[in-house]
Each structure stands twice: as C-alpha cells, then as structure tokens.
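Could you walk me through this protein model in plain words, as you would for someone in a first structural biology course? A short report with a small table would be ideal.

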Amino acid sequence: MSVFQQTPVINIMEKAARKASKKIIRDFGELEKLQVSSKSLGDFVTNTDIYAEKSIIETLSYHYPDYSFITEESENIINKDNNNTFVIDPIDGTKNFIHGIPQFCISIAKLTLNEITDGIILNPISNEFYWTSKGQGAWMNNQRLRVSNRKILSECLVGTGISQKNTNILNNIKNLKEYPTTLRNMGSAALDLAFVAAGKLDAFWENDLNLWDVAAGVLLVIEAGGTISEPEGNKWLLGSKSIMASNSLIHDIILGALRN
Ligand code: 2AM
Ligand code: CA
C-alpha cells in the first residue's frame, strides 16, 4: 500500500504517545530553563519517565484492555491476552533529555505471537512521527520512507552507541577505518533506527540494548527495505541484546568492517 493510511492500532499508539508527550515537552522546557536543581535532577527525570509510561499504558489499556505489556520502567504486565503485547520505552535517549538535547523519543511497538506487527516512534520536540505496520511500509508523518542506497563506506554515516558493558566497541570502532568521518553516537537507539529507515543514517549498531529500545525501529527498518541482524551476522531475535541495521547494500560490508 503506498497510500498514507494509518491502521487503527497505529492511531491508538499515536494517541497514547501524543498524550504522554505533553508532560515530556513541558518537563523538557523546565530542564532547558534550568529550573531543576542538579540535586533533584535524577528524581525529576525518573518522575517524567514513570508518568509518561503510566499515561501510555492507561491509553493503550483503555482501547485494548486484554493486551499485555513489556515496558522499561515497570515489571512486565501479563494480561488475559498474552499473544498481543505492547512494548514501551517512554523516553529513549534519557541522557539527551536531561542535557536539553532534543534527540529523544517515545517508542511503542505491538507484538502478536512474538512477531513485531506495528511500531511508532515520536520525537515530541521535532514532531517527527515515525510509524509502520507490517506489510504497509514505513512512514514519517505522511511521507513514505526508504533506506539509503549508499554502498561506499567512506560516504556513509553510521550510528552507534557506546555502552559501559560493551568492551568490544572500541575494537569495532578501531576496525572501522573510516570512523573519523562516518561515526555518530547520538544517544537514542530508537531514533537511530528511525534514521536508518529514513535513509539519513546508512547503518547503526549497538550492544546491550533491550527490546523496548529497538522493537519499533526494527520494523521501520525492515519496512523501509533495510536489513537487520546481530552485529556478528546472526539472525536478530526478540531476545537479542545487540543489533546491526543498515540499508541492505552495505550490510555485509559493515559487518566485515567491524570485524577486520
Ligand atoms: P535510554 O535512554 O532509554 O536509557 C544510547 O546509547 C541508547 O542505549 C539509548 O537508546 C538508551 O536508552 C540505551 N541505554 C542507555 N543506558 C542503557 C543501559 N544501562 N542498558 C540498556 N540500554 C541503555
Ligand atoms: Ca531506551
């Protein structure tokens, strides 16, 4: 389908994200105006995160009362229908949020029988709303997305995330000879995946991630014609902790470049 038409579940996911984003936008404004003391900053942000998550769960449960939930801030909620699950990250890119950098988002995915069927990613500050449903393409607002077609590494932009647990990453980066010009570490895995889907980034890899960081982004990349795997080349599964996403042309090249 190449016509801009959101599915009913996407409409509800959007409604949940937009409602929660009101407080996120307000709180981001407070942070920018430096009206939160550094001492209480942790509590302030945790409060925004938890409030946003509760609000998202509330809206989704109102429309889908039996569905289950996997979320960043709470224990998993197993409801009557455990074949249908919403996966929620209320603020992905928390550190950017704290620092007043508008590169963060709400990410929500829906799984049915362990398959990602729908996903949305909303950057509430830029108002970029990414959405996808299986078989119906990847979209940003009303614009159809397509991964890039770059295949020369030196012309590419590659996103990554550096986590403390990941001792491999510095070796990976060293091996990526073009890294001084190609690499970006922007701090929101979900938005990085959306950028791969939109052809802004040509690839993205990161380790130590959870399903809520990536679920919506994975479907966006696939529906935009990209490829997903683990960074070692294995198939990416719902339980995978690491991910490599790219336009399909450069996938093997970058997997190889990280290993050299
Ligand atoms: P967050 O902002 O929701 O914490 C940044 O490299 C990416 O990694 C973000 O998507 C961030 O999500 C995630 N991230 C940051 N710290 C993490 C941790 N300790 N465990 C797992 N993911 C983390
Ligand atoms: Ca996250």
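Helix H6 covers residues 189-197 and is mostly covered, with nine of its nine residues buried. Buried here means under 20% relative accessible area, while exposed means over 50% and partly exposed lies in between, using a 1.4 Å probe and protein chains only. Helices are DSSP runs of H or I with at least four residues, strands are runs of E with at least two, and both are numbered from the N terminus. Among the buried residues of H6 are Ala189, Leu191, Asp192, Phe195 and Val196. After H6 comes glycine 199, with a positive phi near 75 degrees.

Before going further, a word on the model: it is predicted, and local features need pLDDT of at least 70, side-chain atom pairs count only at pLDDT 80 or more, and totals for chains, interfaces and linings use all residues. Residues are numbered from 1 along each chain as its sequence is written, chains are lettered from A and ligands numbered from 1 in the order in which they are written, and side-chain values use heavy atoms, with hydrogens and water left out.

Leucine 191 of H6 also has a partner far along the chain. Its C-alpha atom is separated by 6.9 Å from that of cysteine 105, although the two are 86 residues apart along the chain. Cysteine 105 belongs to strand S3 and is buried, at a relative accessible area of 1%.

Now for the ligands. Which residues come nearest to ligand 1? Of the 15 residues around ligand 1, they are Asp92, Gly93, Thr94, Ala189 and Glu206; a residue counts as near if one of its heavy atoms lies within 4 Å. Strand S2 (residues 81-92) gives the most to this shell, with three residues.

The table lists polar contacts of ligand 1, meaning pairs of N or O atoms within 3.5 Å; within protein, one atom must be able to donate a hydrogen and the other to accept it, and residues adjacent in sequence count only if both atoms are side-chain atoms.

| Residue | Atom in the residue | Atom in ligand 1 | Distance |
|---|---|---|---|
| Alanine 189 | backbone N or O | oxygen | 3.0 Å |
| Glutamate 206 | polar side-chain atom | oxygen | 2.7 Å |
| Aspartate 208 | polar backbone atom | nitrogen | 3.4 Å |

Taken alone, ligand 1 exposes 490 Å², and the protein buries 67% of that. These areas come from the Shrake-Rupley method with a 1.4 Å probe, and for residues only the protein chains shown count as cover.

Aspartate 208 deserves a second look. It is found in the loop between strand S10 (203-206) and helix H7 (211-223), and it has a positive phi of about 60 degrees although it is not a glycine. Is aspartate 208 buried or partly exposed? Aspartate 208 is partly exposed, with a relative accessible area of 30%. Leucine 113 is another residue other than glycine with a positive phi, near 50 degrees. Leucine 113 lies in the loop between strand S3 (105-112) and strand S4 (115-123) and is exposed, at 60% relative accessible area.

Helix H7 also holds tryptophan 212, which is buried with a relative accessible area of 17%. Tryptophan 212 and aspartate 66 are 146 residues apart in sequence, and their C-alpha atoms are 20 Å apart in space.

Finally, what coordinates the calcium ion (ligand 2)? Asp89, Asp92 and Asp213 do so through their OD atoms, at 2.1 to 2.3 Å. Donors are N, O and S atoms within 2.8 Å of the metal, or 3.2 Å for Na, K and Ca, and water is not among the atoms, so sites may look incomplete. Along the chain, the donors of the calcium ion follow the spacing D-x2-D-x120-D. Aspartate 89 and aspartate 92 are both buried. Aspartate 92 also appears among the residues that come nearest to ligand 1.
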